[in-house]
Amino acid sequence: MFTSLGLFGAIPCPQGNGCTLLKCIFSHDNKPAPAEARYSRIASSGDDGPPSKRAKVENTQLLGSPIPSHGLKESSLEMGRHSSESVTSKRSQNTQDTSSAQQMSQPTSSHGPSKPLGNDPAKRTNPTSAGSSSAGSLSQLPPRKAPKETLNPRMLPHAPATHGSRTTILQKLHSAMTALNEKLRKDKNSSNRCFVLTPDELITMALDEEEKFARDSPSVYGNVIKLRIVRVTKMGTDEWAKEVMSHLNARYYKINPVQKPRAIPKPINTGLTPAEEIAVVSQLVTPLIGLEEHGYVTKQPTDADVETARRGVDESKGWEKCDRCGQRFQVFPGRREDGTLASGGHCDYHPGRPVYPQRKKTDHVTGPSQPYFPCCSEALGTSTGCTRAKTHVFKVSEAKRLASILQFKTTPSQPGKGPLEPVSIDCEMGYTTLGLELIRLTAVSWPKGCDLLDVLVRPMGEVLDLNTRFSGVTPQHYASASPYGTPMPSIDAPSADEKKTTNPPLQLVQSPAEARDLLLKLLQPETPLIGHAIDNDLNACRIIHPTIIDTVLLYPHPKGLPIRISLKALAQRHLGRDIQVGDNGHDSKEDSIATGDLVRVKVGEKWKELKKKGQKIEDGKLVHPAGQVSTITSSSWTTVQRKSNR
């Protein structure tokens, strides 16, 4: 027998209290064995020979009188038979109890024999039951068993600090977590008591968090871990319960988040014909005069402005600020000698904007909740980013610099076409060495939503990032695209399932200027052009259009510009429609249709107001009670522009 080195110290002995080894390599409870068990163990040892001296002493203490040596063998054999029978019967009984219990309890863990959940509330309750009923019943979750660890920082190839510093920080983090855990344990009225952790689980959670910060943010390790400790200290029990649930799901259960049920689309009933809706929609046109500070371009930059912008770009020698992480980097149009397009290496960033929680009545006690990123639930300032891109990227917003790349163009008049129906558009943009460029343009008719234009656009600069997460455009789209104007091959009509999983390949135009010309063919200056945050779309196309309807302005944020309500939120709230779901990015056709339908909702509301005022629709035109026709023409728009320029 060799001395135990602790290799199997955490594994219970298979023999339990029936083990006869003096130095067993497995773990044993320190509780003294019952007298009957010790007596049976001593008696059963007579099968193998005379009892040891230790057995005689125990036997003497148990029976109260010494056993004659000549009768020891016979009596021990008899007692051994009885004890073996009792042990056999107990084992069979335990086997039946265990088999019946396994049907009602959790599956056995791979770390060792399953233990009853007992009085541990964290093991009795499904940790996701508080937030979801479909995460599975208790019998579907494996029992969690935290490893035996100490408050000793885990070894890393490149530690961001000394071992002593990491140990001190780890102890403070663990102390803050322990205080919250005890506060949750003492709260008898809380429904989150199922998230009370055991001491081993608290140590594991602290080690996991410290290791994550040390690996992901080594350059700012000290700052982010201290901010994390401060945040944990100010947490309430509800917020702590959410943190624990996230930790348990990630380490022990890995339960996928519950998918919200799809919204039921609301029918749009304006009570008008398509022609009558077009007559009413003219009342929703918003003049852009005065909105230049928010990105809307209302006139072409002058040649002097364009020359100033070009000179500034030349003098900057390609240095830009990353649009995602804020880091300064250098861009190399046309590629550098080594083939790279940008400096700075990888870009670590958060794809979502930070969320600022609403103030609570208990903020004066626990402190206000810190803002966090919805993409990874990390607090603002505690992480450099949860997503990594190959290169840094930048965006150009200044009108004169945009014009230095491609000059703006005002919508021309087309007398031969007459009045044209309103158009709803949506553009997708990708990052290139010239900034954020147009890579897809989609236009549908309004209010019917029929396809008018849907093309891929080859950008002018070299591609840094197609921004697939938001644009939905991938390199495969360009590989499968055909030149614009090429007749599509005749194929059999796809089945219903194929329509859901595949989309026909798009056609490709060779420049943003060509895409702009295709869109201008669908417009007159007085044609309502509909979009969501349409300033971004018009600036990407370099178009100045006098008659626009922007759903950002129709559905303003309570705080006003520049804060805007997202198209996804508006579609879900007013249309009962889920858009921009999944991991394939946005679909510009889906977005353009949703934008047009939001305008239809406003048309229905506007028509109710106009009817109360006595207005009517005659011959497709809105007529006031006095007989005046309400229209918006390009001449009236020009008059408004001249007054504003004065």
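This is a short talk on the fold, a sheet region, a nonpolar core and two buried polar residues of one protein chain.

Hi everyone, and thanks for coming. Before anything else, please keep in mind that we are looking at a predicted model.

Let me start with the whole chain. There are 646 residues, and 38% of them count as buried. The secondary structure comes to 21 helices and 17 strands. If you take the contacts between residues at least 6 apart in sequence, 65% of them join residues at least 24 apart. As for the outside, the accessible surface is about 37700 Å², and carbon and sulfur atoms account for 53% of that.

Now, please turn to the strands around residue 440. Strand β7 covers residues 435-445, and 10 of its 11 residues are buried, so the rest of the structure largely encloses this strand. What sits beside β7? On the one hand there is β6, residues 423-432, which pairs with β7 in the antiparallel sense over 10 bridges. These two strands make a hairpin, with 2 residues between them. On the other hand there is β8, residues 451-457, again antiparallel to β7, this time over 5 bridges. The β7 and β8 hairpin has 5 residues between its strands, and there you will find G449 with a positive phi near 80 degrees.

You can walk across these strands residue by residue. Begin at C427, whose bridge partner in β7 is L441. From L441, step on to V455, its bridge partner in β8. And from V455 you can take one more step, to Q507 in β11. That last pairing changes direction: β8 and β11, residues 507-509, run parallel and are joined by 3 bridges. If you would like another link between β7 and β8, try A443, which has L453 as its bridge partner.

Let's move to the helices. In soluble globular proteins, nonpolar side chains tend to be buried together. Here, the largest nonpolar core has 32 residues, and the members that touch the most others are M177, F195, V232, W240, V244 and L248. Which helices each supply at least two residues of this core? They are α5 (163-186), α6 (199-216), α7 (221-233) and α8 (237-253). Take V232 as an example: leaving aside its neighbours within four places in sequence, V232 is in contact with L173, A176, M177 and L180.

Right next to V232 in the sequence is R231, which lies in helix α7. Is R231 buried or exposed? With a relative accessible area of 9%, R231 is buried, because the cut-off for that class is under 20%. The R231 side chain makes a polar contact of 3.2 Å with the side chain of E239. Beyond four places in sequence, R231 is in contact with E239, E243, Q370, S377 and A379.

My last stop is S282, in the loop between α9 (274-281) and α10 (303-316). S282 is also buried, with a relative accessible area of 14%. A polar atom of the S282 side chain lies 3.0 Å from the backbone oxygen of A279. S282 also has a partner from far along the chain to look at: V603 is 321 residues away in sequence, yet the two C-alpha atoms are 9.4 Å apart in space.

That's my tour. Thanks for listening, and I'm happy to take questions.

Conventions: Residues are numbered from 1 along each chain as its sequence is written. This is a predicted model: local features need pLDDT of at least 70, side-chain atom pairs count only at pLDDT 80 or more; totals for chains, interfaces and linings use all residues. Side-chain values use heavy atoms; hydrogens and water are left out. A nonpolar core is a set of buried Ala, Val, Leu, Ile, Met, Phe, Trp, Tyr and Cys residues joined through side-chain atoms within 4.5 Å. Buried means under 20% relative accessible area, exposed over 50%, partly exposed in between (1.4 Å probe, protein chains only). Helices (H or I, at least four residues) and strands (E, at least two) are DSSP runs, numbered from the N terminus. Contact means heavy atoms within 4.5 Å. Two strands pair if DSSP finds at least two bridges between them. Accessible areas come from the Shrake-Rupley method with a 1.4 Å probe; for residues, only the protein chains shown count as cover. A polar contact is a pair of N or O atoms within 3.5 Å; within protein, one must be able to donate a hydrogen and the other to accept it, and residues adjacent in sequence count only if both atoms are side-chain atoms.
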